[in-house]
Amino acid sequence: MAHTYDTGRMNLPFTGICTFGKKPYIEDWDAIDADVAILGAPFDAGTQWRAGARFGPRGVREASTLFSFGHAGAYDHEDDVTYLGPEVIMVDIGDADIIHTDTQQSHANIETGVRAILAAGALPVTIGGDHSINIPCISAFDDQGDIHILQIDAHLDFVDERHGVRHGHGNPMRRAAEQDHVTGLTQLGIRNVSSTAREGYEDARAMGSDILSVRQVRELGVAEAAARIPRGVRVYVTIDIDAFCPSIAPGTGTPSHGGFLYYEVLELLQAVARRNEVVGLDLVEVAPDYDPTGSTSILAAQLLLNTLGFIFHERAQR
């Protein structure tokens with residue numbers, strides 16, 4: 001396939017409509033025909049401090065246009081691989097309908113979107129939104145067989161209930177661990193003062209969680225950290241942007257210093273894609289207004305595109 005700037009319109013990144021990667025927009029969720037589908041989940045009513053992640057999907061989509069130069073895939077000279085070539089069909093299905101102040105209905109609408117993607121046989125990629133949007137994402141997999149969750153995050157998010165709240169952004173990993181189709185959790189990057197108390201950590205380990213801080217991952221090395229996920233299990237990846245050091249990702253509601261750097265997470269995800277089948281992704285907690293440089297949104301978009309490249313490259317090798 002030729003470069004589009006040789007065969008058609010230039011369609012430079014700063015022109016046109018901001019779908020993810022400037023991929024085709026599919027409005028009819030019954031007509032998804034793709035390998036991967038992007039769903040926006042602009043919900044942030046689950047936050048306990050600074051809101052703003054409702055603008056995450058829009059910010060990440062806009063940032064993703066930076067990587068839409070019309071090349072026939074993305075060539076990586078280090079790997080000597082062209083990722084996301086024309087054989088990988090990607091579409092953007094827009095946003096789930098969010099009902100302000102209504103967590104239950106908003107989450108139900110997100111779940112409907114993920115189920116539509118799965119029914120089409122595509123890989124669901126959901127852009128949040130606060131981390132509570134992971135709850136409906138995981139619920140949508142209840143008829144898809146067993147999954148293992150890889151969480152990359154600063155916070156454990158294992159609170160059971162606080163002041164009656166069970167579906168906020170401090171609860172998603174607890175809700176996931178309760179699901180029959182979730183066989184275990186690997187929680188990486190957890191550090192510093194947390195929204196989860198000691199008993200939450202004890203509950204998490206008792207319910208099958210493997211928890212490592214950034215320093216512990218660095219001590220083990222990326223390969224060993226990835227190897228802690230059982231080989232052969234199907235993996236759902238959830239990435240909170242606050243897993244990264246706020247020096248490179250300040251645009252989030254709950255920044256936590258001492259986080260990962262870009263290549264640490266990228267190499268981890270590449271290792272996981274080589275060892276396991278990745279069946280779904282979400283990336284949450286990008287709040288663009290806290291980062292006037294836009295670098296947090298760019299990091300999120302670049303991470304998603306590179307990770308998708310790894311996933312589909314490995315699928316082609318199997």
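User: Which helix is E224 found in?

Analyst: In this predicted model, E224 sits in helix α8, residues 222-227.

User: Why is E224 called partly exposed?

Analyst: Its relative accessible area is 47%. Buried means under 20% and exposed means over 50%. The value for E224 lies in between, so the residue is partly exposed.

User: How far apart are E224 and L185 in space?

Analyst: Their C-alpha atoms are 16 Å apart. In sequence, 39 residues separate E224 and L185.

User: Where does T101 lie, and is T101 buried or exposed?

Analyst: T101 lies in the loop between β4 and α3. Its relative accessible area is 73%. Exposed means over 50%, so T101 counts as exposed. From T101 to D44 the C-alpha distance is 9.4 Å, although the two positions lie 57 residues apart in sequence.

User: Why does S139 count as buried?

Analyst: S139 has 18% relative accessibility. The cut-off for buried is under 20%, so S139 falls in that class. The residue belongs to helix α4, residues 134-139.

User: What does S139 touch, leaving out residues up to four places away in sequence?

Analyst: S139 touches E111 and R115. With the same exclusion of residues up to four places away, E111 touches P136, S139 and A140. E111 itself is placed in helix α3, residues 103-119. The C-alpha atoms of E111 and A96 are 8.5 Å apart, at 15 residues along the chain.

User: What makes helix α2 largely enclosed by the rest of the structure?

Analyst: Helix α2 covers residues 56-64, and 7 of its 9 residues are buried, so the helix is largely enclosed. The buried residues are G56, P57, G59, V60, R61, A63 and S64.

User: What covers the buried residues of α2?

Analyst: The cover includes strands β1 (36-41), β4 (90-95) and β5 (123-128). Helix α10 (295-317) is also included.

User: How many disulfides does a search of the whole structure find?

Analyst: The search finds 0 disulfides. A disulfide is a covalent bond between the sulfur atoms of two cysteines. The test here asks for a pair of cysteine sulfur atoms within 2.5 Å.

User: Are C18 and C137 buried or exposed, or in between?

Analyst: C18 has 33% relative accessibility. Partly exposed is the class between under 20% and over 50%, so C18 belongs there. C137 has a relative accessible area of 1%, which is under 20%, so C137 is buried.

User: How many helices and strands does the protein chain have, and why is the chain called as compact as a globular protein of its length?

Analyst: The secondary structure comes to 10 helices and 10 strands. The radius of gyration is 18 Å, and the globule rule gives 20 Å for 318 residues. The two values are close, so the chain is as compact as a globular protein of that length. Along the principal axes, its C-alpha atoms fill a box of roughly 60 × 45 × 40 Å.

User: What percentage of the residues is buried, and what percentage of the contacts is between residues 24 or more positions apart?

Analyst: Buried residues make up 55% of the 318 residues. Among contacts with a separation of 6 or more, 78% join residues 24 or more positions apart.

User: What is the accessible surface of the protein chain, and how many charged side chains are there of each sign?

Analyst: The accessible surface is about 14,000 Å², and 50% of that belongs to carbon and sulfur atoms. There are 24 positive and 44 negative side chains. The centres of the two sets lie 4 Å apart.

Note on methods
Residues are numbered from 1 along each chain as its sequence is written. This is a predicted model: local features need pLDDT of at least 70, side-chain atom pairs count only at pLDDT 80 or more; totals for chains, interfaces and linings use all residues. Side-chain values use heavy atoms; hydrogens and water are left out. Helices (H or I, at least four residues) and strands (E, at least two) are DSSP runs, numbered from the N terminus. The radius of gyration is taken over C-alpha atoms; the globule rule is 2.2 Å times the number of residues to the power 0.38. Buried means under 20% relative accessible area, exposed over 50%, partly exposed in between (1.4 Å probe, protein chains only). Contact means heavy atoms within 4.5 Å. Accessible areas come from the Shrake-Rupley method with a 1.4 Å probe; for residues, only the protein chains shown count as cover. Lys and Arg count as positive and Asp and Glu as negative; His and the chain ends are not counted. The place of a charge is taken as NZ of Lys, CZ of Arg, CG of Asp or CD of Glu.
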